[in-house]
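Okay, thanks for coming, everyone. I'd like to take a few minutes to walk through one chain, so let me put it up on the screen.

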Amino acid sequence: MFYYLVETLFYLGLVYFLVTTTFAQWVKYKRAEFVKNIPWIMLEIRLPREINKSPAAMEAILEAFHQGGGLLTWWDKYRKGNMLSWFSLEIASFGGDIRFYIRTNKRFKNIIESYMYAQYPGIEILEVEDYTNRIRYDGGDYNMFGTNFVLSKDDYLPIRTYMDYGLDKDPKEEFKIDPITPMLEYMGSLKGNEELWYQVLIRTDKFKGEWKGDAKAAVQKIMKGEGEAVEGAINLGEFKLTQVQKDMIKAIEKSTLKKGFEVLMRAVYLAPKDDYDGSRIGGMMAMLKPFEAAHLNGFMPADDTSFVFPWQDRKDGSKLLKKKTYMFKKYVLRTFGEYYDVMDGFSFAYEINHRVDYFLRHGLNFKKWKYSKSSFVLNMEELATLYHFPGKVAGTPTFKRISSTKSEAPSNLPI
């Protein structure tokens with residue numbers, strides 16, 4: 001009797017495995033079909049000499065990107081393979097020549113242009129060829145370094161935003177401190193054939209506000225004097241909030257009042273091998289430091305195209321080449337979430353290699369063994385801080401602006 005039971009459970013488990021595996025491959029196939037048919041376009045935004053608006057204008061524009069349709073039923077998800085619409089906000093430097101781009105599904109072009117012209121009537125928006133098409137990295141003539149950026153702490157902890165810098169008050173140019181300026185200055189310092197691409201992929205928060213629930217729980221813990229974040233809160237036997245904790249609660253609660261986006265960030269530095277400058281990597285890894293908020297959140301690099309120890313790639317550098325090629329491919333395809341699985345998939349061997357890499361990097365510090373989540377949640381205020389159009393405070397000489405402003409937006413845009 002016992003053996004019959006074991007045999008029955010074995011066959012049930014086998015059937016379950018085959019069914020779930022087949023279903024997963026079916027979903028992957030349908031999603032790949034869905035992605036293949038998306039009519040992607042690249043929009044270049046050319047800025048006028050005078051921009052007097054704060055990043056709050058970009059925050060208003062982001063409403064156009066908060067698209068959540070297409071996933072209303074199981075039929076949409078699993079039969080059609082539908083996925084949430086995503087967009088790519090990009091800044092690229094070509095030898096110091098800085099350009100702003102937005103990559104989008106063509107069906108959202110009109111609404112994006114309408115929102116952008118409403119907030120920045122002096123800009124020009126052009127549909128251009130994807131700048132990444134100029135280069136195909138294969139380890140031949142070019143060398144590259146790429147990395148993802150992730151939050152250093154939990155999603156509900158906010159980064160330092162433009163409001164923390166006082167830009168919501170639209171101060172005069174000479175008094176502005178724009179956190180995006182150091183990034184643009186660094187990108188403007190590139191020379192010759194050097195290129196740096198910066199990409200912020202966004203889509204409507206698929207986690208349905210789970211981070212807001214986490215934020216509420218965190219505030220309650222702080223109020224009760226629990227957790228590592230409230231160390232030092234007990235004073236003379238009585239619970240008392242420190243000023244730091246009061247500021248944390250205020251920042252967390254304020255952050256949850258705005259809509260959230262799921263975000264994935266990447267940056268790639270590349271140049272012909274004779275022009276490649278490895279010292280650029282340090283600046284690229286640190287260019288998001290101005291967005292770091294003490295006691296709250298910031299960014300850190302993750303899953304970059306390097307190995308810590310020589311024995312991780314003991315042969316002829318083929319593993320490193322594969323890693324760089326993979327990162328380049330993800331940037332060019334703007335892979336995001338489920339699309340990442342569609343493109344290549346997470347194999348068992350890939351997961352094991354990642355765990356081994358974390359062991360080699362961190363030893364027995366198990367707290368750092370946790371697999372880094374490539375995507376995270378930012379609200380509109382945080383996102384507008386990371387990507388907005390700077391005023392004259394960004395005085396990078398190679399930052400080109402159009403010589404004259406438009407008097408008004410095109411009259412044929414939809415209302």
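**A turn after a helix, and what lies around it**

I'll start in an odd spot: just after helix H9, Arg334 takes a positive phi of about 55 degrees. In general, most residues other than glycine have a negative phi. So that one caught my eye. Before I go on, please keep in mind that this is a predicted model.

Where does Arg334 sit? It's in the loop between H9, residues 318–333, and helix H10, residues 338–343. And is Arg334 buried or exposed? Its relative accessibility is 0%, so it counts as buried. What does its side chain reach? The backbone oxygen of Val332, at 2.8 Å.

Val332 itself belongs to H9, and is one of that helix's buried residues, along with Lys324, Tyr326, Met327, Phe328, Lys330 and Tyr331. Yes, two lysines are on that list, Lys324 and Lys330. As for the helix geometry, H9 has 16 residues and runs 22 Å from its first C-alpha to its last, close to the 22 Å expected at 1.5 Å a residue.

There's another positive phi to show you, at His295, near 70 degrees. His295 is also a loop residue, between helix H8 and strand S10, which covers 299–302.

Okay, let me zoom out. The chain has 415 residues, and 47% of them are buried. In secondary structure terms, we have 12 helices and 11 strands. How much of the contact map is long range? Taking contacts with a separation of 6 or more, 81% are between residues 24 or more positions apart. The accessible surface comes to about 21900 Å², and carbon and sulfur atoms account for 56% of that.

Now, how far do we trust it? The average pLDDT over the chain is 80, and 76% of the residues score at least 70. Confidence is highest in strand S1, residues 40–46, with a mean of 95, and lowest in strand S7, residues 234–235, with a mean of 40. Around S7, the pLDDT is below 50 over residues 228–238, although that stretch does have 15 contacts in the model beyond near neighbours in sequence. There's a second stretch like this at residues 342–348, again below 50, and again with 15 contacts beyond near neighbours.

Next, two helices that sit in their surroundings in their own ways. Helix H5 first, residues 181–188. Six of its eight residues are buried, so the rest of the structure largely encloses it. Those are Thr181, Met183, Leu184, Tyr186, Met187 and Gly188. What do they pack against? Three strands and a helix: S2 at 86–94, S3 at 97–105, S6 at 195–204, and H8 at 280–286.

Then there's helix H7, residues 243–255. With 13 residues at 1.5 Å each, it should span 18 Å, and its end C-alpha atoms are indeed 18 Å apart. Its buried residues are Gln245, Met248, Ile249, Ala251, Ile252 and Ser255. If you look down the axis of H7, those fall within an arc of 170 degrees, so they line one face of the helix. Turned away from that buried side, you find the exposed residues Gln243 and Lys250. The buried residues, meanwhile, pack against helix H6 at 210–224, strand S11 at 376–379 and helix H12 at 380–386.

Let me finish with a couple of spots where distant parts of the sequence come together. Ile125 is in strand S4, residues 124–128. Its relative accessibility is 9%, and with the cut-off for buried at under 20%, it counts as buried. Which residue would you look for across from it? Try Ile45: it's 80 residues away along the chain, but the two C-alpha atoms are separated by 4.8 Å. If we leave aside neighbours within four places in sequence, the contacts of Ile125 include Leu43, Glu44, Glu113, Met116 and Tyr117.

The other spot is Arg79, in helix H3, which covers residues 74–79. This arginine is partly exposed, with a relative accessible area of 35%. Its C-alpha is 8.8 Å from that of Trp26, and those two are 53 residues apart along the chain.

That's my tour. Happy to rotate anything you'd like to see again.

Note on methods: Residues are numbered from 1 along each chain as its sequence is written. Side-chain values use heavy atoms; hydrogens and water are left out. Helices (H or I, at least four residues) and strands (E, at least two) are DSSP runs, numbered from the N terminus. Buried means under 20% relative accessible area, exposed over 50%, partly exposed in between (1.4 Å probe, protein chains only). Contact means heavy atoms within 4.5 Å. Accessible areas come from the Shrake-Rupley method with a 1.4 Å probe; for residues, only the protein chains shown count as cover. The expected span of a helix is 1.5 Å times one less than its number of residues. The arc is that of the directions from the helix axis to the C-beta atoms. pLDDT is the predictor's confidence in each residue, from 0 to 100. A polar contact is a pair of N or O atoms within 3.5 Å; within protein, one must be able to donate a hydrogen and the other to accept it, and residues adjacent in sequence count only if both atoms are side-chain atoms.
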